[in-house]
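Visitor: Could you take me through one part of this model up close? I'd like to hear about the salt bridge inside a helix, and then whatever sits around that helix.

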Amino acid sequence: MSYYGFETSYVVGIKSWEKAPDFMFSSVYAYRVIPNFLSVHVTDTVTFIVNNYLPFAKSFLLKQGSLFYHSTFLTNVFFFILTSIVLNRILKLKPVELLVNQNVRRMVHLIAIFFMVILQYVPTNCDCIAAFFYMWGVFFTLKYLQERKPTDLIGLSIVIFISTFVRETACLNIAFFAAVFIDFENIKKKNFAFVKELVFLIIAFILPYVGLRIMIHQHTSFFEGIYLIKNFTSPYNLMGLLFGIISIYFSYKFSDETGKTMIKKYLFFSSPYLIMITLVGLFWETRLFMPLILTGIVMASYQFKNIISNK
């Protein structure tokens with residue numbers, strides 16, 4: 001529905017592209033290696049299958065957009081389904097009392113994936129892939145909180161390392177980990193037991209981030225432009241900001257006191273990301289709020305209180 005029914009200016013352009021556009025490999029988008037790789041090879045695969053095995057369907061498909069556009073749809077749907085599966089596992093880990101009821105849990109799951117669907121009116125080749133890796137990282141973080149197994153921490157670091165080749169939002173997994181494990185009261189008592197784990201995750205992000213910028217030389221800046229003024233003077237962008245605020249506030253009001261504290265801490269540790277999307281992103285592209293919205297739903301659904309008090 002969001003791909004073939006919502007006709008934004010972004011969709012009109014993408015529907016006419018026969019292959020991945022050159023700017024994906026000669027601008028800031030060049031650092032999104034995994035999405036670009038999939039854009040090229042999935043398009044080639046779909047083109048080969050249509051030309052050799054489904055020639056009768058080609059004219060029908062081209063009425064709805066180029067094969068590149070359909071390939072983007074297929075790739076994103078695949079990772080959307082994976083994200084939904086991981087989210088379902090997260091909601092079953094240690095749900096709050098309300099979500100012990102399976103039907104209520106299914107409703108929360110539906111709300112979460114519905115947010116993902118409607119935010120895809122600006123289709124990209126990276127958001128659904130990034131969402132999958134982000135939620136997978138959230139899963140490892142919560143598993144590590146429950147069991148303190150080194151394998152879960154290693155799994156989280158691997159997810160962060162790989163997802164940095166998808167998009168810079170991999171750093172939000174570090175913000176989520178910090179929100180869960182950093183207790184400001186312990187900091188006042190000079191208890192820094194969490195530092196080693198956090199440094200380990202930061203290294204897992206920095207290594208591929210810096211490596212990409214050394215290996216892929218760009219003559220452009222790390223962003224497209226500064227949109228600070230436009231974000232607060234355009235009615236479209238103001239509506240996007242309002243959507244993001246209301247969506248996160250929904251999760252906040254749904255949470256118990258511990259969940260509310262977790263959301264506050266997460267927003268604090270995510271402040272660099274929030275500042276960046278304010279400066280160089282467009283609020284109208286509400287997909288930028290997607291990891292924050294999903295995190296709010298997870299924070300509201302997970303029973304942190306008993307686990308943290310026991311730790």
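Guide: Let's fix the term before using it: a salt bridge here is a side-chain nitrogen of Lys or Arg within 4 Å of a carboxyl oxygen of Asp or Glu. Keep in mind that this is a predicted model. With that cut-off, K260 and E257 pair up through their side chains, at 3.8 Å from N to O. Both residues belong to helix 13, 3 residues apart, or about one turn of the helix. What about their surroundings: is each of the two buried or exposed? K260 has a relative accessible area of 15%, so K260 is buried. E257 has 59%, so E257 is exposed.

Now for the rest of helix 13, which spans residues 257-269. The axis of helix 13 comes within 4 Å of the axis of helix 14 (residues 271-280), and the two cross at roughly 55°. That angle is why helix 13 and helix 14 count as oblique to each other. On the helix 13 side, the contact is made by L267, F268 and F269, while helix 14 brings in S271, P272 and L274. Sorted by class, that contact has 5 nonpolar residues, 1 polar and no charged ones.

Moving on into helix 14, the buried residues are Y273, I277, T278 and V280. Their cover includes helix 8 (171-181), helix 11 (228-233) and helix 15.

Helix 15 leads us to another helix pair. Helix 12 (residues 235-254) and helix 15 (residues 290-301) have axes that come within 8 Å and cross at roughly 10°. Helix 12 is therefore roughly parallel to helix 15. Where they meet, helix 12 offers F243, S247, I248, S251 and F254, and helix 15 answers with L292, I293, G296, I297, A300 and S301. The tally by class is 7 nonpolar, 4 polar and no charged residues.

Back to the charged pairs, since the structure holds 8 salt bridges. One of them joins D127 to R167, with the closest N and O atoms 2.6 Å apart. This pair ties together distant parts of the chain: D127 is in helix 6 (residues 127-147), R167 is in the loop between helix 7 (150-163) and helix 8, and they are 40 residues apart. Both D127 and R167 are buried. E147 and K149 form a salt bridge too, at 3.4 Å from N to O. E147 counts as partly exposed because its relative accessibility is 34%, and K149 counts as partly exposed because its value is 42%.

Definitions and conventions
Residues numbered from 1 in each chain as written. Predicted model: local features only at pLDDT ≥ 70, side-chain atom pairs only at ≥ 80, totals over all residues. Heavy atoms only, no water. Axes fitted to C-alpha atoms, helices over the stretch in contact; angles between N-to-C directions. Parallel < 35°, antiparallel > 145°, perpendicular 65-115°, else oblique. Contact = heavy atoms within 4.5 Å. Nonpolar A, V, L, I, M, F, W, Y, C, P; charged D, E, K, R; others polar. Buried < 20%, exposed > 50% of the residue type's maximum accessible area, 1.4 Å probe, protein only.
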